[in-house]
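The following exercises ask the reader to work from a sequence and its three-dimensional structure. Each task is followed by a solution in steps.

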Amino acid sequence: MARRRGKSSDLSKNNDETLLWAGLATAGVVSLVVIASLALAPIVSIGPEEGNRAPDFVADAYNGGSWYEFRMSDIWDWDWDGNSSDSKWILIQFIDTDCPYCWEEGDEMSQYHAQWKDRVTFVTVSVHLNIPNHESSKSEIEAFRDLTSFGTNENDGDGCNSGRDNCNARPGSSHQWTYVDDPSNSIFDQWELGGTPFSAILQPDGVVAWNKLKHQGQGGDGEDLPSALQRLVGDS
Amino acid sequence: MMSVLSLELGVFIAGILGASVILQKNYQESGGEGTKGVITSGLLFTTVGIVASGWTWSIHNSLMESGSSSMCASEGLVQCGSVIGDPQWNNLFGMPWGVIGIASFAVIFFVLMTLFLDQNAKRSPQFVNYLWYLGIAGIPFVAWLVVVELLLVEGAPHICPYCTVIHLSMIGVFVSAHFMKKRRANLTW
């Protein structure tokens, strides 16, 4: 008898109400789970906009000695109370070692670092823009940061600044901070960027406090990076 | 340091064990009662999967908020912080795996609930096939996430206990679906 139940001829007509009740039961269970999950821990706004938590990432980074695995949130002070001056702010800069504007900005960054290094942690993310003569590599990033020889001073595509210069000719002094390699441009994409150079200032707890595009883009108030550092971090 | 075995984890493990016992008792029993038992075990596996996915989503949100979570240990081999809190691996197209888990198990829950409410409806063979394909589709994701835990996250290997509960739930769903398919083929539905 039991075996006969399996024959399709023994199956009864579909009842649409069954689907309705199954749908309602599913919606009920899912709603309960979602409400409980959000009650336990609400969604955190993550993104490049000011007031949001900056996108976290894990990537290869170079500190002047070696490459290592770097996680952005490891330098955040999650317990920052909003006032403490013991915690360091964070300046995140995006460059392409072959971008001429980033090449020029090298000098300004050296000056900002000299002025604010005690109160601001600098992090540079080196992206690989998909532009002719913008091929980059870890060796090129090292040379750009350290001002060591890489490429030639001929406009032959070999070196930094669209392959026009040896990396050791970059304006400014060597950069004594962490350089992150972003070969797939995934960090660049998380920050919803269209080009380089770009910079943002993060509070010590990782919340975006100043986004260059908001201030220097269309409709912005024109505030530049040193003014923002002065306003947010104060005198070095 | 927070103990690895918490009340919530104990409840999830009890759910998995309960579903396994129901499945074991019913998978060979022919007829409608046996079928109902197998469907019930699948529903229990799925419920554990949905709730545990929600739990990992909460852990993810609290890690994003404060860098730590009171809902799971964040140090050692067995922990969640380095797995659920990993920005590189705990996402699929920017969505945390907990949310993907809730959505996936919700679809499975709907199919199973339809079978549970009317196991002899004409649509049953078709829905059993859907369930089996959903179960099959889930297995590569489980395998991939185990590889991520053991090899790819920062400081690997790590084992996230709640993730493991979800993986076991998905395997349980697949096994239940397999027995349902077998029951249809053997005419013991």
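**Exercise 1.** Does A:Glu192 count as buried or exposed, and why?

Solution. The structure is a predicted model, in which local features need pLDDT of at least 70, side-chain atom pairs count only at pLDDT 80 or more, and totals for chains, interfaces and linings use all residues. Residues are numbered from 1 along each chain as its sequence is written, while chains are lettered from A and ligands numbered from 1 in the order in which they are written.

Step 1. State the rule: a residue is buried if 20 or more other C-beta atoms, placed from the backbone, lie within 10 Å of its own, exposed if 12 or fewer, and partly exposed in between.
Step 2. Apply the rule: A:Glu192 counts as exposed because it has 11 C-beta neighbours inside 10 Å.
Step 3. Locate the residue: A:Glu192 is placed in the loop between α4 and β6 of chain A. Helices (H or I, at least four residues) and strands (E, at least two) are DSSP runs, numbered from the N terminus.

**Exercise 2.** Which phi values do A:Glu192 and A:Leu147 have, and where does A:Leu147 lie?

Solution. Step 1. Recall the background: most residues other than glycine have a negative phi, and most peptide bonds are trans.
Step 2. A:Glu192 is not a glycine, yet its phi is positive, about 55°.
Step 3. A:Leu147, also not a glycine, has a positive phi of about 60°. Its place is in the loop between α3 (138-146) and β5 (178-182) of chain A. A:Leu147 counts as partly exposed, because 19 C-beta neighbours lie inside 10 Å.

**Exercise 3.** Where are the cis peptide bonds that lead to A:Pro197 and B:Pro157?

Solution. Step 1. In chain A, the bond from A:Thr196 to A:Pro197 is cis, with omega near 0°. A:Pro197 belongs to the loop between α4 (186-190) and β6 (198-202) of chain A.
Step 2. In chain B, the bond from B:Ala156 to B:Pro157 is cis, with omega near 5°. The loop between α5 and α6 (161-185) of chain B holds B:Pro157.

**Exercise 4.** How many helices and strands does chain B have, and why is it said to be as compact as a globular protein of its length?

Solution. Step 1. Chain B contains 6 helices and 0 strands, in the order α-α-α-α-α-α along the sequence.
Step 2. The radius of gyration is taken over C-alpha atoms, and the globule rule is 2.2 Å times the number of residues to the power 0.38. The radius of gyration of chain B is 17 Å, close to the 16 Å that the rule gives for 189 residues, so chain B is as compact as a globular protein of that length.
Step 3. The C-alpha trace of chain B spans about 55 × 30 × 25 Å along its principal axes. Buried residues account for 52% of the 189 residues in chain B.

**Exercise 5.** What surrounds B:Leu131 in helix α5 of chain B?

Solution. Step 1. B:Leu131 lies in helix α5 (residues 124-152) of chain B. This helix, α5(B), has 29 residues and reaches 41 Å from its first C-alpha to its last, close to the 42 Å expected at 1.5 Å a residue; the expected span is 1.5 Å times one less than the number of residues.
Step 2. B:Leu131 is buried, because 26 other C-beta atoms lie within 10 Å. The buried residues of α5(B) pack against α3 (81-84), α4 (97-117) and α6 of chain B.
Step 3. Two residues are in contact if their C-beta atoms, placed from the backbone, lie within 7 Å. Not counting residues up to four places away in sequence, B:Leu131 touches B:Ile108, B:Val111, B:Leu112, B:Ala177 and B:Met180.
Step 4. B:Val111 is 20 residues from B:Leu131 along the chain, and their C-alpha atoms are separated by 6.7 Å.

**Exercise 6.** How many residues does each chain give to the contact between chains A and B?

Solution. Step 1. Chain A gives 39 residues and chain B gives 37 residues.
Step 2. On the side of chain A that touches chain B, α1(A) gives the most, with 14 residues.
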